[in-house]
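These notebook entries record what I looked up in one structure. I began with the ligand, then turned to the packing and to single residues.

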Amino acid sequence: MDNFDFYSPTHFVFGKDRENEAGQMIKKFGGTKVLLHYGGGSAVRSGLIDRVKASIEKAGLEYIELGGVQPNPLSGLVYEGIELCRKEGIDFIMAVGGGSVIDSSKAIAAGTVYDGDFWDFYCGKEIEEALPIGTVLTIAAAGSEGSPDSVITNEDGMMKRGASGDAIRPRFSILNPALTQTLPAFQTACGVTDIIAHLYERYLTNTKEVEVTDRLIEGLMMTMIHEGPRVIENPDNYDARANIMWAGMMAHNNSCGVGRTQDWNSHQLEHELSALYNVAHGAGLAVVMPAVFTYVMKHDVMRFAQVASRVWGCSMDYNNPELTAKAGIGALKNFVKSIGMPVNFEELGAKEEDIPKLVEALCYGNGRDGSVNGFVKLDTEDCRKIYELML
Ligand code: NZQ
Ligand code: ZN
């Protein structure tokens, strides 16, 4: 196991009706004037925003609102939010929504106290300072409620990039699984797929002897495989939603990723698809993962055979582990298909003729050197072949 630091000071508030505690939690973390940031409408329609406002008022705090975050959040609204926070003297950001709203809040939080362009953080500068953030999560997926990461699309060139820093880990996150019951089945399935992807991105490691994190990841994957179909079948299944919500947090706050190298190539390839076609992140990953895994499998066949036998229930063929590895990738593909995810370019709405553009943006965008580097280093030729496997 490699040396590591793990600092994850988010206070989690989990369970039914807990969004009504938002105001007192903001107060506990020192907020006095709040930016209430939310998405395109679901949280307004469900009455959630009204409940959060009532709780902020009850705590005797001031707030202003900025709605309209769209999935795959854009830089334009971030600039607007930064300006608003500076003008109004905001000292706390309350995100109510999914990963897109939380990531937009994180960008605003970092940008407000930074003396330059917030996009610098999305070109590799570490975030060391930010306004404090709290979240009320409405979809189990991105894991942003417990992560030090934010992903934003810059409208100038439609480039989707990530930024990181412990300063943007939420101070608190309220997780009420009942709030996810209003999700359309497609969005629920996107979330399940994204959570599984966060687990694979950590499972694919070049570090040896990491049994504890391997086993944590395997347990969480098996939970998702069990609970995913149950919520698709019955959206009101609170207990299944609760297991998925906590698994989503654990999959991405990095407790499963410490002490080991990680992959993240699937996410890099997917971010180009989201940026170009505005596809849902989880749906993009459903198409990307089997292709990437098939292409890189030979780098460490036993790792793929291990996940196939321990998680997907494939029988281990010690004479030909490649067969087991392939069966595991096939099982993943069948699983995402069974919960309603696309599995190829056509179903996703992506186009073969755009592959050169995708490869160019992926390998050279934002000053990259012609490759992406995770479990395996992939050059432009590799990336082209992987996108072609998705046709
Ligand atoms: O905008 P509204 O109307 O709320 O609709 C949203 C949106 O259309 C809807 N929704 C959310 N909660 C709902 C609901 N509809 C009904 N009932 C509810 N309870 O669902 C749609 C998707 O929401 P979004 O926030 O985009 O989903 P998600 O949480 O999957 O976030 C995706 C974004 O997170 C980034 C992705 O790249 C993508 O931009 N990621 C962020 C990460 C991080 N910060 O650590 C890591 C991830 O790998 C990921 O890259
Ligand atoms: Zn993801």
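By a polar contact I mean a pair of N or O atoms within 3.5 Å. I note at the outset that the model is predicted.

**Entry 1: the ligand**

I looked for such pairs around ligand 1. An N or O atom in the side chain of Ser42 lies 2.7 Å from an oxygen atom of ligand 1. For Thr138, I found a polar side-chain atom 2.8 Å from a nitrogen atom of the ligand. His281 places a polar side-chain atom 3.2 Å from an oxygen atom of ligand 1. On its own, ligand 1 has 960 Å² of accessible area, and the protein covers 88% of this.

I then asked how many residues surround ligand 1. There are 31, and the closest are Ser42, Gly99, Ser100, Lys160 and His198. I also recorded which elements build this shell: at least two residues come from each of α5 (99–112), β6 (149–154), α6 (185–203) and α9 (265–277).

**Entry 2: a residue of strand β6**

From strand β6 I picked Thr153. Its relative accessibility is 2%, so I entered Thr153 as buried, the limit being under 20%. Beyond residues up to four places away in sequence, Thr153 touches Asn72, Pro73, Leu74, Ser75, Trp119, Met158, Met159 and Lys160.

**Entry 3: the nonpolar cores**

Which residues touch the most other members of the largest nonpolar core? I found Leu273 and Tyr387, in a core of 103 residues. Helix α10 (residues 281–296) contributes the most to this core, with 10 residues. The core lies between domain 1 (11–179) and domain 2 (185–389), because both give residues to it. Another core, of 21 residues, lies apart from it and includes Val13, Ile26, Tyr38 and Phe172.

I listed the contacts of Tyr387, leaving aside neighbours within four places in sequence: Leu269, Glu272, Leu273, Phe345, Ile355, Leu358, Val359 and Leu362.

**Entry 4: two positive phi values**

Most residues other than glycine have a negative phi. I therefore noted two residues for which phi is positive, beginning with Asp17, where phi is near 65°. Asp17 sits in the loop between β1 (11–14) and α1 (22–28). At 51% relative accessibility, Asp17 counts as exposed, because the limit is over 50%.

The second is Trp264, with phi near 75°. I located Trp264 in the loop between α8 (238–252) and α9. Is Trp264 buried or exposed? Its relative accessible area is 19%, which is under 20%, so Trp264 is buried.

How values were computed: Residues numbered from 1 in each chain as written. Chains lettered and ligands numbered in written order. Predicted model: local features only at pLDDT ≥ 70, side-chain atom pairs only at ≥ 80, totals over all residues. Heavy atoms only, no water. Core = buried A, V, L, I, M, F, W, Y, C linked by side-chain atoms within 4.5 Å. Buried < 20%, exposed > 50% of the residue type's maximum accessible area, 1.4 Å probe, protein only. Helix = DSSP H or I, 4+ residues; strand = E, 2+ residues; numbered from the N terminus. Domains from an automatic or database assignment. Contact = heavy atoms within 4.5 Å. Near = heavy atom within 4 Å. Polar contact = N/O pair within 3.5 Å; in protein donor to acceptor, adjacent residues only side chain to side chain. Areas by Shrake-Rupley, 256 points an atom, 1.4 Å probe, with all protein chains shown as cover.
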